[in-house]
Amino acid sequence: MEDLIFTLIILALVAITILPIILVVKVNGLRNRLKEESEKHSEDRLERSREFSQIRDKLTVLSEQVANLAQPQIPEEKEEPPGEVETEIAPPSSEIDETPVDLETPSGVKQYEALDYGSGLETPYEDESSEPAVAPADEKKQEENPDLTGVVSHAYEEKPVEPPSRFELAAKEILGKIWNWIIVGEEHRPTNVSFEYAVATNWLLRIGVMVLVVGIAFFLKYSFEREMIGPIGRVSMSIITGMGLLVAGVRFLEGRYHLFGQGLIGGGLATLYFSVFAATNFYQLMTPYFGFIPMVAITICAGVLAVRFDSILVAVLGIIGGFGTPIMLSTEFVNFPGLFSYMLVLGIGVLGIAIMKNWHLLNYLSFVFTYGLFITALEKYYDKTDFWAVMPFLGAFFILFSTMAFIHHLVNKTPSTLLDILGLLINAAIFYGFSQGLISARYGEEYVAIITLLLAFFYCLHVRLFLEKKLVDRNLLFAFTGLSAFFLTVTMPLVLSREWITVSWALQALVLLWVAGKVRSEFLRLAAYLLYCLVLFRYAFLDLPGNFSGNRIPEDMTLWKYLPELIERLVVFIVPAGSFLGAALLLRKSQSAFATTVSSTNDISEWMQKQRVVKFGFIAAVATAFFYLNLEAYRTLQFIYAPLQLPTMTLIWLAVCALLLAVYKKTESSIFSSFFIFFCGLAAVKLLAFDLLRWDYELAHGYAGAYSIVEGLFRTLDFGMIIAFCGFSYFALLGKKDLRQERAILAVLGLALFFIYATLEIDTLLANFLPGLRAGGVSILWAVFGISFLITGIRKNQSNLRYCGLVLFAVVVAKIFFVDLNKLEQLYRIIAFILLGILILAGSFVYLHYRQAFTNEEGDEEEEKSEIK
């Protein structure tokens, strides 16, 4: 019953394989017949179009001759231009039809113009390489009407098509060769062989060899289950059968049946492979160490035969048989060292062939079979003690296929393709994924960093080899460099805690940028830029919110416990800012190169101008430090000494303003001057919108709580720093004639802040110590500001200041009569009115004292008017 089941399975496999082949052959034959009929029809239509073209030419010549005969011949003596030769009109040919033709609308021409050239089948070419013929009549029409020029030839113009890249062409060519070999057994089907013959011979041969090898395997299994023949007899019979197939195949290779010989050799190699495998791992007739000797011999034999006779079929059949042996002879128990050693020997054989032959199909089959068997074997990986029986072989497979991806191009000095780069990436991903699972299960996730460091070092050695040997393969060098940088970047989160990941990436990016300058590599520089983007993203959206969002300091926290945390945060957040600054400084100056540099053929063009990157680096350094220091000052000083909190934050804002001012004075760029004024305005907004809320100012009572001299001093410091900085900046920009508007903004900003500060502080003082004089005291202060504005405006000839003083006097008068009059006590009312009266009279006295200035000004205006007239 089991034999019947095996037979039915084989027949089903054969049917499943043959039926699609028959269908492909039929469809291809039908397609060829349709193609031949279409080509024949196209040739007929082209021939007809040529005949019409000849008829049209003849009719055109005839119409010109008739027109010349109809005109009267007036002899005139004309001087011919130099270089021109008089052409004689040939007499009409006897072959031309003399039927009368309408000269205005020749029917022949009409018929020709009605032809459709859009399909491309009626184009009147003399041959494939000639240009499209343009009739003389069409040329004449084009000369008479320039707008029609190019209309006839427009139908033949082709739109330029962007050529595919070398990567695309190489990958397409390789995939095409693989597909041809799968279908017809060769990379290119011979022109003198039909498609049916190529498909039938190759696939019948492959199926026959497969069925024969499977039959031998079933015989071994059947004899083992029935105990008909001993283990030595079974293995011996299989070896004899394999050797017989090899000998017969070699004899057929030299004749017309060379394809049949290749199939026999492949079947013989497969038979020998699983014979040795069965003797070693199934019957234990020899130890794995002794089993290596015949395995290596068979592998060398397969490689030599495949390369000697240039037969990929021998190599493919040998590989399929070799990797199929563990599948057919599988048991419940897995001998990891024996199985993986056997697979490694097969892979080394494929690597040897890959050095001499660029057979991608063989490499891909070896890759799929190796990792497929590895994954299948891991299903029986129950005991963690088998780690050292599995992990070394996984590393060997990774090195094997990483080398196999480029070894042929390296030896033969040919450029790599997109498929090779994809092979490198897939191989690295598979190895990293499985090694991470194995190591994490045995030792813990932090030990995975050993693998990532080794991978980074492995690919770094490849980059060094490229630079030292001066190899030219840009895409392969990019792949090695990118993989090395990637695994080095992945290492940091595995080794370090969450807080130190950004620091490590920032330092890595800076080192990568330094190395890029030393080896003159734009690709490395681009990798550093991308890593800096990752640093900036993590800094802004993970590190800052994670450390300062909702994390309150415990009440039982002491200063000595808090200091280590503060120092750690300083390092974690200042180092990335310093890295951005270092990158900007590094790009500003030229670096001396190493002895080994990246050639232009192995590199990319400059992705971004260095000047822009330098500006971005400075901005990123200032921005990261600014945000961190503000958050740190707000949190730490609230814990250490709360009154110092807001002035320190204001000092940080002013430091950025001072930096922008210094950069502007050095570069004199209008962009930096605009940024400077904008940031000064933001500092003032921060003072009024944030600091006042933190100082708890209320309109009814002034600053909350009892008046504190210490808090008053810190408020004075908070406002005073911005006011003083505005004054300093105003005088620093006096020599800049094109910055009058900016200086005016600084002056208004400083005076407005001083006015607000003095009003709020006097209001709070009077509310706490002289509440009866509170309303009048503010009015007196405003009057003092008004008289100060008047005096300064008159002395400096600043009309805006004078107008502000007058407006303040008007506001004070209105306030004292409509607001203060009801709030002031009798005594304070008297004092307030008397002082205000004195101040207002002082304003009038000032105007009288400086009357000459106003008179001269009016006289100057009259003089200017008279000059204009």
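Which residue forms a salt bridge with Glu632, and how many Å apart are the closest N and O atoms? This is the task of the first exercise. The model used throughout is predicted.

**Exercise 1. The salt bridge of Glu632**

Solution.
Step 1. The partner of Glu632 is Arg569, and the closest N and O atoms of the pair are 2.8 Å apart. A salt bridge needs a side-chain nitrogen of Lys or Arg within 4 Å of a carboxyl oxygen of Asp or Glu, so this pair qualifies.
Step 2. Place the two residues: Glu632 is in helix H21 and Arg569 in helix H20 (residues 559–588), so the pair links distant parts of the chain, 63 residues apart.
Step 3. Check the surroundings: both Glu632 and Arg569 are buried.

**Exercise 2. Two further salt bridges**

Task: describe the salt bridges of Asp310 and of Lys686.

Solution.
Step 1. Asp310 pairs with Lys357, with 3.0 Å between the closest N and O atoms.
Step 2. Asp310 lies in the loop between helix H9 (288–308) and helix H10 (312–328), and Lys357 in the loop between helix H11 (336–356) and helix H12 (360–378), so the salt bridge ties together parts that are 47 residues apart in sequence.
Step 3. The side chain of Lys686 meets that of Asp691 in a salt bridge, at 2.9 Å from N to O. Both Lys686 and Asp691 are buried.
Step 4. The count for the model comes to 7 salt bridges.

**Exercise 3. How H21 packs against H22**

Task: find the angle and the distance between the axes of H21 and H22, then name the arrangement.

Solution.
Step 1. Helix H21 covers residues 610–640 and helix H22 residues 645–667. Their axes are 8 Å apart and meet at an angle of about 165°.
Step 2. Angles over 145 degrees count as roughly antiparallel, which means that H21 is roughly antiparallel to H22.
Step 3. The crossing of H21 past H22 is right-handed.
Step 4. List the contacts: on the H21 side they include Val622, Phe626 and Leu629, and on the H22 side they include Ile652, Trp653 and Val656.
Step 5. Sorted by class, the contact of H21 with H22 has 11 nonpolar residues, 4 polar ones and no charged ones.

**Exercise 4. Buried or exposed?**

Task: decide whether Phe401, Thr759, Lys413 and Glu668 are buried or exposed.

Solution.
Step 1. Phe401 is in helix H13 (residues 387–404). Its relative accessible area is 4%, and buried means under 20%, so Phe401 is buried. Beyond its sequence neighbours up to four places away, Phe401 touches Ser366, Phe367, Thr370, Tyr371 and Asn427. The C-alpha atoms of Phe401 and Ser366 are separated by 8.9 Å, although these residues are 35 apart along the chain.
Step 2. Thr759 is in helix H25 (residues 740–769). With 13% relative accessibility, Thr759 also counts as buried. Outside the residues up to four places away in sequence, Thr759 touches Val778, Leu781 and Trp782.
Step 3. Lys413 sits in the loop between helix H14 (407–412) and helix H15 (418–442). Its relative accessible area is 74%, and exposed means over 50%, so Lys413 is exposed. Phi of Lys413 is near 55°, a positive value in a residue other than glycine.
Step 4. Glu668 lies in the loop between H22 and helix H23 (670–694). At 53% relative accessibility, Glu668 counts as exposed. Glu668 has a positive phi of about 55° and is not a glycine.

Terms used
Residues are numbered from 1 along each chain as its sequence is written. This is a predicted model: local features need pLDDT of at least 70, side-chain atom pairs count only at pLDDT 80 or more; totals for chains, interfaces and linings use all residues. Side-chain values use heavy atoms; hydrogens and water are left out. Axes are lines fitted to C-alpha atoms, for helices over the stretch in contact, and angles run from 0 to 180 degrees between N-to-C directions. Helices (H or I, at least four residues) and strands (E, at least two) are DSSP runs, numbered from the N terminus. Angles under 35 degrees count as roughly parallel, over 145 as roughly antiparallel, 65 to 115 as roughly perpendicular and the rest as oblique. A crossing is left-handed if the near helix is turned anticlockwise from the far one by less than a right angle, and right-handed if clockwise. Contact means heavy atoms within 4.5 Å. Ala, Val, Leu, Ile, Met, Phe, Trp, Tyr, Cys and Pro count as nonpolar, Asp, Glu, Lys and Arg as charged, and the others, Gly among them, as polar. Buried means under 20% relative accessible area, exposed over 50%, partly exposed in between (1.4 Å probe, protein chains only).
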